[in-house]
Amino acid sequence: MTTSYKDTLNLPRTDFAMKAGLVEREPQRLQQWESNKLYQQIQESRRGAPRFVLHDGPPFANGDVHIGTALNKILKDFVVKYKTLRGFSAPYIPGWDCHGLPIEFKVSQEMRKEFEAQWTQSRKPLQDSWKDEHDPVLVEEVTKQLKQKEFLSPQNIRARCLENAQHFIDVQRRQFRRLGVLGDWDNPYLTLDKKYEADELRLFADIVEKGFVYRAKKPVYWCIVCRTALAEAEVEYAEHVSQSVFVKFRVVGQPKTFIVIWTTTPWTLPANLAVAYNKDLQYVTAKVGEENFILFRGLLPAVAEKCGWTNYTETPFPTEQFATIEYDHPFCQRRGKAYAADFVTSDTGTGFVHIAPGHGLEDYGLGLKHGLPIYSPVGDRGCFVHTNDLPAEQQLPETLFGKSILEKNGKSEANDAVLALLREKNSLLHQENYSHSYPHCWRSKNPVIFRAMDQWFIKIDHAQFRERALAEIDRVSWIPDWGVNRIKGAVQSRPDWCISRQRAWGVPIPAFLDGEKWILNGEMIRHFADLFEQHGSNFWFEKSASELWSLVKPRDWKGEQAVSKSNDTLDVWIDSGSSSRSVLKQRKELQHDQKTGDEIWQADVYLEGSDQHRGWFQSSLLLSLAGNGAAPFKTVLTHGFIVDADREKISKSKQAQGGYDKPQTAEAYVKKYGADVVRLWVASQDYRNDIVVSEERVNKVGETYRAIRNALRYQLSNLYDFNPAQHTVADDQLTGLDRWILGAFSKLEAEVITAYDQYEFHFVYQKVSQFVAVELSAVYHDAIKDRLYTDPANSRRRRSTQTGLYRLVRGLCAMLSPVLVFTTDEAWEFIPENGGASVHLSTWQPRPFALTEREEQTWRRLFAIRPAALACLEKERQAKSIGKALDAKVILDGSAQVLGELTDEEKESLRELLNVSQLILSRQPEGNELTVEAVKADGQKCERCWHWETDVGAEPEHPLLCGRCVAAVRLAVP
RNA sequence: GGAGGCGUGGUGGAGUGGUUAAACACACCGGACUUAUAAUCCGGCAUAGUCGUGAUGGGCUAUCGAGGGUUCGAAUCCCUCCGCCUCCGCCA
């Protein structure tokens, strides 16, 4: 074609790039948002609007943002942005969980390394005078431990933890922002904030005053060498050889009759208070010589062999009799009973488990159930001691007092002493080495012990609290609905809440010891809340017990004087769980001003992973119910976990083991694909199930992204000369094709809104991507090229289509803006006369666009014809008789029943739909068969519009043009 | 140990009683266009058995983890089994 004709076409123009370049472009836009204070602008623009509060569950301030954490944040951002888009005032206050073991663990690990390095450097040779009297190795060891304890003092650890937490808050904040998540990033809530800690303590004070909190013993892992309680994460399992023993317990009132127990920890026998049996097992009495031994029938042969019973008879022992049986402790002055327990197994031992509630979790549970004392006669140094849990005469014998449990070369004083006692009392049936997996301290590598320690608890069954919590659960909407079972199960089965931790990095429990009894008092706690709000909780660690006591002691205090302070901190679940008080009730921007009662502060939505049913959802519910009198949320949304291409979960620990090559930080994906593609991938996943992340999937989503971007680009590029104020065509003046697409789009809008309202983002993804691929790309965009390019620029038909495109591009940008935050904002700027404001400031209230009954029917007919016609065209193309569809003439033969009575305009719509130059409808009176024929079009190809027309060359001035183009050219070239 | 989820074509993923052998996309193959051009459009594309031969096309049957059941009719409802995965068990 000659250039002059090409210049008369309205070819698309736009600077909206086809290539997204997200990785480079997104950070620029982000910067723009931040310097314009976009988040603040949005909040300002929604002032006075109905409020919608999504309360952020605080991620742990540790490490880079994991892809799973990113998923969570992005889902939250979808909700917040969607609600904002629909006109709500939806503030987002991000939070961080700052205290807790993982940080303290990491920090103390680092500090220990530092200490080791310093120690090695500064070590001095021992003085000669010491060498004579003391074991030099021991002296050095003791000195080292003292120094280390000093180096790792709570104050030092806390300082370093703070530094560490703050560092990672910054890192994560940057990474969250990069994902396009908008929020009040400059004013997040941090569980380490003075104000937060203070409000947390005030909530705690309420709960204490209401009588929920009590002190009791509970077994924890304890490392004798490190003299510290260990969390499960600090325990590693290793093979260990234990001195296992078979011991006989004399049955009361039945001479020469014994229950046989087996244990791998003889040192726990002094704490034995009961035995457990399994009521589903069959027990027998084995008569060996004069003695009778009761044990599980299935293990009798094994036990007999070990104990050297060559000649014995067995008689069944009815399980019911255990209910009344009592036995004498082999070397303590007390008696025990037998209790049924499911955990008694039939594969090792004797069918009886020796129960020491102070030394095992299962034992503890059984002890609680039956009201046994939690007797744990072991001190911090791992030596036997006397305690207050039993009357003096029932305590362990003097010979054991002071004996150490600490093992050296597989032996311990305590075990040896117990074994000696058992032999002395003729109670030891057999002893052997037993190799098994046993928990060890991760640092000292020593076997850990289970030891009951005083802990603070929240009583769950206080004042019918459990029932009230379950009732409250029913008032909350759980999505997906199985979540309600999860949380109910968690609340139903949970034991009392152990809220104290023997840890430094946390909120101190402001309790005092008066020498014997603990003082935990609501008024004093509130006093400390005020002090901490001013000075921070380091105050507790810096001041002495007497200083603190004198500060908060009520004037009218009549009780004992405190002599020491608690060293425990609150379980971090109390930290994050009290956010209802510290955040929801505090932040002005989170109040539902138009509501009353609890609804003023209650959050509309919590949205976390399914593990939080037992975690944050539960701790928040329980604390808010106990302290505020209501659940903190109205709806709880849950998502599954990220798994990799092999459907295995992606975990941090896995990477720590090394050799894990699948990227699992959010940053890795953002750097490769850009945040919008990552966000689109999140939207594409049905988060209620496991979410699969892999290069392949993200890539695929990238294809969809390109399709959407291209559709937007096509629309923008054809709006370059469109001014909505001047050129918009009224609904009833729009051409059929434009009315059709707007009708279809209106349906899409309704579906998308439903999907968003139900938090089903993957339907948004599916519906939109399908619409883009089918209705837009394959049909509408293809069909309208001709009129857009070749009609006179200001013709009604072209303006009609531009009106359609304008509405489409605005609607698409709006509906996608919660997902494609960067791309839609970019495209928004290119929409004519859009005022330069961000898409994120706009609202989306789609106006329904309904087609008439007749239109609906006609388009159904036209689309029924299309596949047959396209097939026909394809056949001709294969036969090389035509190239593109415009080279063809299509002849349709069918009854009126099939084709309907088409108006000229409808017929023209069909021609456009098929993209052919000519369409002939020849009606047969009878039959409902539709026949389609495609032939080479009549006339000649117009140089300008490529249509084949019979009037090409009719105008001598433009011998290569059709009549329509001649008219257009005359208009275009003045 | 407890709780929950999943199993559809080469892949992702729609589909919960018939209009679905199965939307849409990706991958792959073939074609068109050069006026969305690092784009766009069109077509093809499951496996097995079987019939048959007017032959590079057609008919029938089975198959949506396996088996059984309900129903006129099932990927879709019920049961059993197999396989996979996740969460929880005081780590957050």
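1. Let me start with the four-stranded open sheet of this predicted model. Its strands run in the order β1-β24-β25-β17, and the pairing is parallel. At the edges stand β1 (54–55) and β17 (477–479); each has a single partner strand, so one side of each is left without a neighbour in the sheet. Inside that order, β24 (residues 603–609) and β25 (residues 633–639) pair in the parallel sense over six bridges. If you would like one pair to check by eye, take Leu-607, whose bridge partner in β25 is Leu-637.

2. A second open sheet is worth a look alongside it. Here three strands follow the order β21-β20-β22, with antiparallel pairing. The edge strands are β21 (518–519) and β22 (564–565), each of which pairs on one side only. Between β20 (residues 512–513) and β22 the antiparallel pairing extends over two bridges, and Phe-512 stands opposite Lys-565 in β22.

3. Next, please follow strand β9 (residues 283–288). How many of its six residues are buried? Five are, so the strand is mostly covered. On β10 (residues 291–296), β9 has an antiparallel partner over six bridges, and there Val-284 has Leu-295 as its bridge partner. The hairpin of β9 and β10 has two residues between the strands, and Gly-289 takes a positive phi near 60 degrees in it.

4. Strand β9 also pairs with β11 (residues 312–317), again in the antiparallel sense and over six bridges. On this side, the bridge partner of Val-288 is Tyr-312 in β11.

5. Helix α10 (residues 300–307) makes a neat example of sidedness. Which of its residues are buried? They are Leu-300, Val-303, Ala-304 and Cys-307. These four cover an arc of only 105 degrees around the axis, which puts them on the same side of α10. After the helix comes Gly-308, with a positive phi near 75 degrees.

6. On the surface, I would point you to a nonpolar patch formed by Leu-138, Val-142 and Leu-146, which together have about 290 Å² of accessible area. Of these, Leu-146 sits in helix α7 (residues 136–151). Is Leu-146 buried or exposed? With a relative accessible area of 57%, Leu-146 is exposed, because the cut-off for that class is over 50%.

7. Asn-409 offers a polar counterpart for the reader who likes loops: its place is in the loop between α11 (361–369) and α12 (413–424). At 80% relative accessibility, Asn-409 counts as exposed. Asn-409 and Leu-368 are 41 residues apart in sequence, and their C-alpha atoms are 35 Å apart in space.

8. Finally, the domain layout of chain A. The assignment gives domain 1 as 22–94 + 645–841, domain 2 as 95–180, domain 3 as 194–212 + 459–639, domain 4 as 235–450 and domain 5 as 868–938. Domain 1 and domain 3 are thus each written as two segments. How far apart do the C-alpha centres of domain 4 and domain 5 lie? The separation is 92 Å.

Definitions and conventions:
Residues are numbered from 1 along each chain as its sequence is written. Chains are lettered from A and ligands numbered from 1 in the order in which they are written. This is a predicted model: local features need pLDDT of at least 70, side-chain atom pairs count only at pLDDT 80 or more; totals for chains, interfaces and linings use all residues. Side-chain values use heavy atoms; hydrogens and water are left out. Domain bounds come from an automatic or database domain assignment. Two strands pair if DSSP finds at least two bridges between them. Patches are made of residues with over 30% relative accessible area and no salt bridge: like charges are joined within 9 Å, nonpolar side chains (Val, Leu, Ile, Met, Phe, Trp, Tyr) within 5 Å. Accessible areas come from the Shrake-Rupley method with a 1.4 Å probe; for residues, only the protein chains shown count as cover. A salt bridge is a side-chain nitrogen of Lys or Arg within 4 Å of a carboxyl oxygen of Asp or Glu. Buried means under 20% relative accessible area, exposed over 50%, partly exposed in between (1.4 Å probe, protein chains only). The arc is that of the directions from the helix axis to the C-beta atoms.
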